[in-house]
Amino acid sequence: MLVRSEVAGVARLKRILARHGYLGPEALAALGEPLSDAHRRTDLPLYLRRLASTAPLPVLLRLFGLLVPVSEEEARAAVAPLELGELEEMGLTERYEGHVRACFGLAAFDGLLLAHDRIDEDGPGLESDHVLGVNPTTENLAQLTVRRRVRSALDMGCGNGVQALLLARHAEHVTGVDKNPRALAFARFNARLNGVENVEWLEGDFFAPVSGRRFDLVVSNPPYVVSPESRFVFRDAGREGDAVSAEVVAGAAAHLEDGGHATVLCNWALAEGEEWSAPPRRWTEGRDCDALVLYRGSQDALEYAATWNRSRDRAAYREALERWTAYFGKLGIAAIGLGALVLRRRAGAKASFQAEELPNRPQGPASEHILRMLAAQEILQGGGDASLLAHRWRAEPRHRVEQRLVPGDGGYELDEARISLTDGLRFEGLVDAHALELLRLCDGRRTLGDAVGELCSQGGAERGSVLAVARRFVSLGFLVRDESTKVEGRS
């Protein structure tokens with residue numbers, strides 16, 4: 001069964017659900033917390049108690065969120081003025097014994113309404129062409145995407161279309177590619193559902209459907225799982241080891257216009273004792289692209305196998321663990337790195353490579369922060385300390401300093417200070433008194449050279465150490481260049 005985008009009522013469905021609060025904070029208030037497949041499995045009785053009302057919003061959340069049947073009377077009132085027959089024509093629902101059952105889920109994300117396959121815990125299991133709904137990787141990629149106005153954008157491995165529909169807000173034309181025909185059917189339906197018309201949908205394997213084309217922006221949430229399987233299109237690419245991630249990174253770089261950006265979610269295989277940034281560094285060498293690796297951590301081979309195979313069927317779970325760990329052992333894989341790569345194409349320039357460990361998931365859109373970091377690398381690598389010191393800098397206002405004091409002679413003494421960004425990529429770290437003073441002195445009115453000189457002459461700091469701290473603050477985005485002024489020749 002598939003959704004059908006050509007039915008006239010599709011365009012009205014979103015407006016009806018939005019009117020009842022399905023896409024807004026009212027839904028979260030009714031649920032009590034964001035809905036996920038894990039919560040649906042373990043807390044269904046709790047959600048059913050919270051959504052026991054026959055008002056339209058609880059009914060819609062039960063029907064399309066929890067995926068449990070509701071009475072025909074409740075459903076008819078909730079979707080009016082649409083008729084139940086129109087929902088059936090779209091392929092969204094079916095009726096039986098006085099009840100209405102959702103054939104597919106409807107998830108809200110960033111103002112979008114997105115149809116996706118349902119998961120039936122007591123059913124036969126997922127089909128190989130199963131199409132996922134909104135999940136943590138959806139939000140992660142959306143937050144890590146560079147949001148500039150562009151002419152063309154590509155969503156490689158578009159799934160239900162969510163990233164392509166987000167790109168359509170700031171790209172003149174978007175291309176969504178997927179090898180799964182079922183995913184493309186959902187993507188077309190979701191485009192119609194959300195009134196988006198500037199996206200084309202192409203079927204094919206990875207970049208084959210856009211061979212010879214270049215884009216200003218590329219995003220991809222590919223089937224990056226390092227797996228011995230070819231079971232699910234959304235998870236398993238059928239490539240050995242982490243070859244799929246390497247292939248997508250290379251393809252993204254090759255399909256970028258000069259000055260264009262790409263964000264690719266990926267996993268990578270790590271040999272025993274291998275530095276976590278080594279595989280992404282190999283993938284990006286010689287690609288004419290600056291690379292920013294955002295590392296979320298790693299899992300050892302057994303933990304990784306368990307993550308992707310947990311099941312209430314203990315025999316199947318045990319067999320999967322044995323099969324996956326044997327596969328990892330054969331390939332010499334000790335652990336798997338998790339993260340994302342951001343690329344900026346600069347043909348002919350000396351490319352930079354920066355690898356950072358994220359302490360937390362991004363807090364809100366990180367586009368501005370990512371662009372700031374890429375620009376900082378250009379300064380740090382291109383002009384060296386002379387260029388760095390010649391500019392005026394100011395502390396990024398969205399930061400927080402937490403200090404821990406301990407009793408000392410006649411009062412309290414600073415024992416530890418931690419600085420963190422409160423928006424974007426939310427980097428954090430321990431700093432000393434000189435680093436805090438440097439941030440205070442970088443107020444946009446003096447050059448960094450003046451600030452460093454003052455800190456060394458009056459604060460007793462060592463110049464080399466202060467410069468190292470300044471470079472780190474700039475590279476992570478704690479210091480922001482004042483674009484209005486630059487003093488030449490200061491050092």
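1. Histidine 255 is buried, because its relative accessible area is 11% and the term applies under 20%. This reading, like everything below, rests on a predicted model. In the chain, histidine 255 sits in the loop that lies between helix H11 (243-254) and strand E10 (256-270).

2. What surrounds histidine 255, once its neighbours within four places in sequence are left aside? The residues in contact with histidine 255 are Phe207, Val210, Ser211, Gly212, Arg213, Arg214, Phe215 and Val218. With one of these, valine 210, there is also a polar contact, in which the side chain of histidine 255 reaches the backbone oxygen of valine 210 at 3.5 Å.

3. Strand E6 (residues 150-156) is a good place to look next, and the strand is mostly covered, with six of its seven residues buried. The chain leaves E6, passes through helix H9 (residues 162-167) and arrives at E7, and this β-α-β crossover is right-handed.

4. Strands of a sheet pair through backbone hydrogen bonds, and they may do so either parallel or antiparallel. E6 and strand E7 (residues 171-178) run parallel and are joined by six bridges, and within this pairing methionine 156 stands opposite valine 177 in E7. E6 also pairs in the parallel sense with strand E9 (residues 215-220), here over four bridges, and the bridge partner of alanine 153 in E9 is leucine 217.

5. A further point concerns an open sheet of three strands, which has the order E1-E3-E2 and antiparallel pairing. Why do strand E1 (70-71) and strand E2 (93-96) each have one side without a neighbour in the sheet? Both stand at the edges and each has a single partner strand, so one side of each is left without a neighbour there.

6. Looking at one pairing of that sheet in detail, E1 and strand E3 (residues 99-102) run antiparallel and are joined by two bridges, and the bridge partner of serine 71 in E3 is histidine 99. Helix H5 (residues 56-65) packs on the sheet and touches E1, E2 and E3, while the direction of H5 makes about 55 degrees with that of E3.

7. The last point is about helix H17 (residues 433-441), in which Ala435, Leu436, Leu438, Leu439 and Leu441 are buried. At the N-terminal end of H17, aspartate 432 acts as a cap, with a side-chain oxygen that lies 3.2 Å from the backbone nitrogen of histidine 434.

Key
Residues numbered from 1 in each chain as written. Predicted model: local features only at pLDDT ≥ 70, side-chain atom pairs only at ≥ 80, totals over all residues. Heavy atoms only, no water. Buried < 20%, exposed > 50% of the residue type's maximum accessible area, 1.4 Å probe, protein only. Polar contact = N/O pair within 3.5 Å; in protein donor to acceptor, adjacent residues only side chain to side chain. Pairing = 2+ DSSP bridges. Right-handed = clockwise from strand over helix to strand, strands pointing away. Contact = heavy atoms within 4.5 Å. Axes fitted to C-alpha atoms, helices over the stretch in contact; angles between N-to-C directions.
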